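Student: Before we discuss this model, may I see the sequence together with the coordinates?
Tutor: Certainly; both are shown here.

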Amino acid sequence: MERMNTPSAIISNRLRKEFGPNVAVRGLDLEVFPGEVFGFLGPNGAGKTTSIKMFLDLVRPTSGDVRIFGRPISDPDVRSRIGFLPEHFRFHDWLTAEEFLQLHGRLHHMPSQALSARISELLELVNLVPFRAKYLRTFSKGMLQRIGLAQALLNRPGLVFLDEPTSGLDPVGRRLVRDIIRTLRQEGTTVFLNSHLLSEVEITCDRVAFIKHGKVLQINTLASLTAGELSVSMRARGYQPALAKGMAAWCRDIRQDGEALKFTVHSEDALPQIHRFLVQAGVDVYSFTPQRIALEDLFIQIVGTDGGL
C-alpha cells in the first residue's frame, strides 16, 4: 500500500476523554493509513464509540489531538470527505428511501442531476431499488441498515466510519456489506470498521487495533496475526499426561479429553517433530488436524475475558 507523501487518513495523539470522574478514553494513539480497511476491536466499555465520536467531532476530547487527512476534523473540507453509519441510527421514518437520500444529498450540497444518478446507483448497490418509494417506517432492521449504508456513501467519502454495519443483517446481507467494503478498498476509500462479529473483521480488514480501557493494546495486520500460531486437534491412543513435559518444547495449552487432545503451536514446522515424538513414545496417532488460530481466540488472548464485545 503506497503511503509516501500521503497524509494519514486518521492520526490521533494521546486522545483522552473524561466524563466527570470517569475516563472513557485515556491516551489513544492511533494511525490509520489511506485506502485500508481498519478494524477497531475491544470489549464493551473499552471506549470504541467515544473514540469514533471524537474522530467525527461529535464529542470534544478532554485533551489530545486528532487529524483527518492531515487536517483538523473541524475543517469543513475534511468533514465533507467523511461518511458515517452509526450503530444506533434514528432515521426519518416518514420519508421514503429516495426522499431520505435526497435530504442527505442536499445537506452535502450535491447538484440535483448528480444526486439523482448517485441515489439510483446506491439503491442498486444495497439491493433496495424495488423499495425506493417505500416509507422507512415499513423497512425491516436489515433494510434500514442497508439504506443507512447508502447514506454513508452518498458523498463518495474518502473515509467512511461503519459502526456495526452488519448488525441485524442476515447472511446474504452480511455478504453484501463485505462485497461493498471490498469495492471501497479497491477504489481507495479508507474504511474504519467497528464490529463485534469477529468473523466479519477477519475476512474484511487489513489491520486491526485491540483497545481496552481507552488505550490501544496492540495493532497488527490480519496476516501477521493469523499466520503463525496453529490450533491442533488430535486423536491419539496411549497418550499419558506425563508426555506433556516433552511436548512443551513445541506446543502449549495442552488439553486432553480421553483420546482427544488439543494444543497450540507457534509454527507448522513443529508438527512433524510432535508427531515423531509421540510415535516414538508409543502413542498411536489416528488423526492430526491443524487450524489457524481464529481472531476470536486471539482477541481473548490479547484483551482477556473480563467483558465481551
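Student: Which residue takes a positive phi just after α1?
Tutor: This is a predicted model, and the backbone torsion in question lies just after α1. The phi there is positive, at about 65°. The residue with this value is Asp57.

Student: Is helix α1 largely enclosed or largely open to solvent, and why?
Tutor: Helix α1 covers residues 48-55. A residue counts as buried when its relative accessible area is under 20%, and six of the eight residues of α1 are buried. Helix α1 is therefore largely enclosed by the rest of the structure.

Student: Which residues of α1 are buried?
Tutor: The list includes Lys48, a residue with a charged side chain by the salt-bridge criterion. Its complete membership is Lys48, Thr50, Ser51, Ile52, Met54 and Phe55.

Student: What is the N to O distance in the salt bridge of Arg60 and Asp57, and how accessible are these two residues?
Tutor: Asp57 is buried, with a relative accessible area of 16%. Arg60 is exposed, at 56% relative accessibility. Their side chains meet in a salt bridge with an N to O distance of 2.8 Å.

Student: How far apart are the closest N and O atoms of Arg67 and Asp65?
Tutor: Arg67 is partly exposed at 33% relative accessibility, and Asp65 is partly exposed at 36%. A salt bridge requires a nitrogen to oxygen distance within 4 Å. Arg67 and Asp65 form such a bridge, with their closest N and O atoms 3.7 Å apart.

Student: Which residue pairs with Asp75 in a salt bridge, and which residues are joined into one network by bridges that share partners?
Tutor: Asp75 is buried, with a relative accessible area of 18%. Its partner is Arg71, at 2.7 Å from N to O, and Arg71 is partly exposed at 33%. Salt bridges that share partners form one network of Asp57, Arg60 and Arg79.

Student: How many salt bridges does the structure hold?
Tutor: Side chains of opposite charge can pair when their charged atoms come close. The pairs discussed include Arg60 with Asp57 and Arg67 with Asp65. The count for the structure is 14.

Student: How many disulfides are counted?
Tutor: Cys205 is buried, with a relative accessible area of 7%, and Cys251 is buried at 7% as well. A disulfide requires two cysteine sulfur atoms within 2.5 Å. By this rule the number of disulfides is zero.

Conventions
Residues numbered from 1 in each chain as written. Predicted model: local features only at pLDDT ≥ 70, side-chain atom pairs only at ≥ 80, totals over all residues. Heavy atoms only, no water. Buried < 20%, exposed > 50% of the residue type's maximum accessible area, 1.4 Å probe, protein only. Helix = DSSP H or I, 4+ residues; strand = E, 2+ residues; numbered from the N terminus.
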